[in-house]
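Subject: Structure for you to look at, with notes

Dear colleague,

I am handing over the structure below, and after it you will find my notes on what came out of the analysis. Please read them with the model open beside you.

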Amino acid sequence: MTNTENLIAFARWAINESFMRGDVDGCDLHQKAFELGLLVKVPFDPEKHTGEGSEFCEPGDDWYVPAPFLREG
């Protein structure tokens with residue numbers, strides 16, 4: 001699928017999940033985004049990756065970031 005098709009599939013999934021379950025868990029959102037190629041897994045680098053959860057990571061751990069086509073700048 002194309003990036004646009006993946007974004008549409010993600011939006012449809014999120015809307016459907018919110019109707020069916022009344023709530024969408026952040027972990028589920030990340031998993032679906034990863035499955036659709038909207039997030040990519042990179043090795044954790046404490047010099048580059050900060051924010052919630054980073055205090056529990058060691059260099060080289062899995063870290064998820066937006067796919068290149070979704071990154072700003």
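To begin with the largest pocket, the element that gives the largest share of its lining is β2, with five residues. Please bear in mind throughout that this is a predicted model. The residues that line this pocket are H30, L39, G53, C57, D62, W63, Y64, V65 and P66, and its volume comes to about 160 Å³. Sorted by class, the lining is made up of six nonpolar residues, two polar ones and one charged one.

As for the fold in which this pocket sits, the protein has two helices and two strands, and these follow one another from the N terminus in the order α-α-β-β. The C-alpha trace spans about 40 × 25 × 20 Å along its principal axes, and of the 73 residues 22% count as buried. Among the contacts with a separation of 6 or more, 37% are accounted for by residues 24 or more positions apart.

One of the lining residues, Y64, also takes part in an aromatic pair, and here the geometry may interest you. The count of aromatic pairs comes to three, and one of them is formed by F34 and Y64, whose ring centres are 5.3 Å apart and whose planes stand at 85°, so that the pair is edge-to-face, given that angles over 60 degrees are assigned to that class. This pair links distant parts of the chain, since F34 belongs to helix α2 (residues 26–35) and Y64 to strand β2 (residues 62–66), with the two positions 30 residues apart in numbering. Both partners fall in the intermediate class of accessibility: F34 is partly exposed at a relative accessible area of 32%, and Y64 is partly exposed as well, at 39%.

The two ends of helix α2 each have something to report. At the N-terminal end, D25 acts as a cap, with a side-chain oxygen that lies 2.7 Å from the backbone nitrogen of C27, while after the helix comes G37, which has a positive phi, near 80°.

Helix α1 (residues 3–21), finally, contains E17, and I would ask you to look at this residue with some care. Is E17 buried or exposed? Its relative accessibility is 16%, and because buried means under 20%, E17 counts as buried. Once residues up to four places away in sequence are set aside, E17 touches G22, D23 and V24. Between E17 and L29, which are 12 residues apart in sequence, the distance from C-alpha to C-alpha is 9.8 Å.

N6 is likewise found in helix α1, and with a relative accessible area of 10% this residue is buried. Which residues is N6 in contact with, leaving aside its neighbours within four places in sequence? They are M1, L36 and L38.

With kind regards

Definitions and conventions:
Residues are numbered from 1 along each chain as its sequence is written. This is a predicted model: local features need pLDDT of at least 70, side-chain atom pairs count only at pLDDT 80 or more; totals for chains, interfaces and linings use all residues. Side-chain values use heavy atoms; hydrogens and water are left out. Rings of Phe, Tyr and Trp (its six-membered ring) pair if their centres lie within 6.5 Å; planes under 30 degrees apart count as stacked, over 60 as edge-to-face and the rest as tilted. Helices (H or I, at least four residues) and strands (E, at least two) are DSSP runs, numbered from the N terminus. Buried means under 20% relative accessible area, exposed over 50%, partly exposed in between (1.4 Å probe, protein chains only). On a 1 Å grid over the protein atoms alone, a cavity is a set of points where a 1.4 Å probe fits but cannot get out, and a pocket is an open set with protein on both sides within 12 Å along at least five of seven lines; lining residues have an atom within 4 Å of a point. Grid points are joined across faces, edges and corners, and a volume is the space filled by probe spheres set on the points. Ala, Val, Leu, Ile, Met, Phe, Trp, Tyr, Cys and Pro count as nonpolar, Asp, Glu, Lys and Arg as charged, and the others, Gly among them, as polar. A polar contact is a pair of N or O atoms within 3.5 Å; within protein, one must be able to donate a hydrogen and the other to accept it, and residues adjacent in sequence count only if both atoms are side-chain atoms. Contact means heavy atoms within 4.5 Å.
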